[in-house]
Amino acid sequence: MTGKPSGFDVDLFVIGAGSGGVRAARIAAGYGARVMIAEEFRVGGTCVIRGCVPKKLLVYASRFAHEFEDAVGFGWSAPTQTFDWRTLIANKDREIARLEAAYTANLEKSKVEIVKCRAVLEDAHTVRLVESGARVKAAHVLVATGGTPNFGAHIPGLEHVMSSNEAFKLHELPRRIVVQGGGYIAVEFACIFHGLGSEVTLVYRGENILRGFDDDVREHLRTEMTRRGLRVLCGHTVTAVAKTAEGLETELSDGTKIVSDRVMFAVGRKPNVENLGLEALGITRAEHGGIAVDEYSRTSVPHIYAVGDVTNRINLTPVAIREGSAVSETLFGGRPIKVDHTNIPTAVFSDPEVGVVGLTETQARARFARTDIYRAMFRPLKASLSGRDTTVLIKLVVDGTTDRVAGCHIVGEGAAEMIQMTAIAVKMGATKADFDATMALHPTAAEELVTLRTKSASYVREAAE
Ligand SMILES: Cc1cc2nc3c(=O)[nH]c(=O)nc-3n(C[C@H](O)[C@H](O)[C@H](O)COP(=O)(O)OP(=O)(O)OC[C@H]3O[C@@H](n4cnc5c(N)ncnc54)[C@H](O)[C@@H]3O)c2cc1C
């Protein structure tokens with residue numbers, strides 16, 4: 001590439017066209033910056049190609065089974081259903097290809113130059129395009145390379161194990177599957193496969209699934225999943241996987257053996273930091289393995305920024321998008337923006353669904369002098385006719401001194417949609433009294449959020465010794 005008058009070929013070079021990179025590129029170009037973006041796989045990144053979007057499509061597919069069952073109590077006679085995995089995957093692939101094309105078109109419309117290849121850093125202002133060997137001089141570089149599935153420590157037979165990446169491309173629905181992991185991806189895939197008719201065993205080494213979530217949420221979801229027929233084995237790990245005539249034989253830490261058609265690990269993800277040229281440049285890594293950045297997403301090397309999963313802060317699409325946007329607003333829009341990482345709502349698209357925002361009870365009790373807990377567990381109205389054995393959990397965690405609602409935790413149908421709206425109130429600093437002053441909308445499950453009159457518990461923090 002030939003140097004432009006500024007001495008640079010571009011004002012911003014973005015490595016990785018995922019959630020964070022695409023947003024940063026488009027915002028920067030909107031301010032008139034010359035922007036180039038490199039993508040080694042598919043434009044759209046994890047979220048669009050093999051994360052949030054395809055996953056939610058599979059979640060929708062998996063929930064019809066319950067709808068068919070529930071319909072009977074409402075007078076419907078449901079003919080025998082059949083499910084065709086290949087149709088689902090083909091339709092999903094078509095939608096993902098459409099989205100990829102839309103992302104590409106939007107970048108082009110914004111005058112962002114796309115290079116479909118791997119890119120690495122050569123020095124603080126030079127990016128090398130691996131395929132052609134071309135070098136691009138950039139005033140600023142944004143590393144937005146995302147993350148990759150982690151398989152944990154090596155075990156015999158690891159070559160038979162798949163990650164979420166492969167789960168999206170299976171040719172057939174596994175009749176039996178073992179999923180190892182306790183985070184949201186493991187739990188979601190366990191529920192997807194179960195809903196679609198697979199016999200699922202979820203194996204997790206910890207004492208309960210969804211580490212980091214409120215303990216009541218963890219317990220409630222596990223109970224509900226078990227009620228629906230999912231086998232959840234906590235306190236176990238997979239020690240080996242062997243191919244046998246009957247299928248894949250998974251051996252657990254207590255010697256138990258489970259035969260299945262597929263074994264999937266979702267035991268965490270690692271930031272894509274390898275072979276990018278970071279070490280040679282002296283770009284500091286954080287303790288958790290991601291690229292260390294300050295509140296403006298600046299790395300330890302001037303002019304080089306990093307956003308999204310590669311920084312391993314909060315690995316969610318909207319967070320990567322905000323971070324990418326903030327970098328470009330700061331650099332090219334003359335509006336320095338720090339991203340606020342507090343009170344980020346999050347969901348687990350399990351069956352039933354989980355939606356949470358803010359502090360867990362444990363976090364609140366460690367932080368506040370007094371913590372008030374309001375909790376409702378009730379049978380949803382729909383279950384009265386469907387006959388489904390299920391309960392919804394709604395829990396508010398309140399700072400007892402200021403009355404502010406510090407956390408909200410929901411397990412039940414529609415939890416994700418509910419929590420997005422509740423997050424606005426929590427972010428604004430709404431108090432429990434504000435919740436109480438809001439008129440209920442009847443009959444809904446969400447009305448419980450504003451009708452929780454009685455405290456279920458109140459805790460006073462003991463003074464430190
Ligand atoms: C199964 C699954 C389900 C998920 N569900 C949700 C959800 O429901 N909600 C949610 O908010 N988040 C979800 N996530 C997380 C979400 O997908 C990520 O947080 C988000 O995609 C991060 O965006 P990013 O820009 O940091 O990276 P990515 O979107 O991963 O994009 C990085 C891009 O960089 C490319 N790349 C890497 N190295 C190079 C290189 N050297 N040169 C060129 N290109 C390179 C990669 O190919 C990739 O396209 C899910 C993730 C997974 C895996």
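Two strands are said to pair if DSSP finds at least two bridges between them, and strands here are DSSP runs (E, at least two residues), as helices are DSSP runs (H or I, at least four), numbered from the N terminus. What you have open is a predicted model, in which local features need pLDDT of at least 70 and side-chain atom pairs count only at pLDDT 80 or more, while totals for chains, interfaces and linings use all residues. Residues are numbered from 1 along each chain as its sequence is written, and side-chain values use heavy atoms, with hydrogens and water left out.

Select residues 247-252 to begin, which form strand β13, paired with β14 in the antiparallel sense over four bridges; within this stretch, T250 stands opposite I258 in β14. Widen the selection to the open sheet of three strands, whose order is β12-β13-β14 with antiparallel pairing. Its edge strands, β12 (238-244) and β14 (257-260), each pair on one side only.

Next, select the ligand and the 36 residues around it, of which G20, E39, T46, K55 and D309 come nearest; a residue counts as near if one of its heavy atoms lies within 4 Å. This shell divides into 15 nonpolar, 13 polar and eight charged residues, and α2 (45-50) is among the helices that supply at least two of them, giving the most, with four residues.

Finally, show the contacts of individual atoms: an oxygen atom of the ligand is 2.6 Å from an N or O atom in the side chain of E39, and a backbone N or O atom of A119 lies 2.9 Å from a nitrogen atom of the ligand.

Methods
A polar contact is a pair of N or O atoms within 3.5 Å; within protein, one must be able to donate a hydrogen and the other to accept it, and residues adjacent in sequence count only if both atoms are side-chain atoms. Ala, Val, Leu, Ile, Met, Phe, Trp, Tyr, Cys and Pro count as nonpolar, Asp, Glu, Lys and Arg as charged, and the others, Gly among them, as polar.
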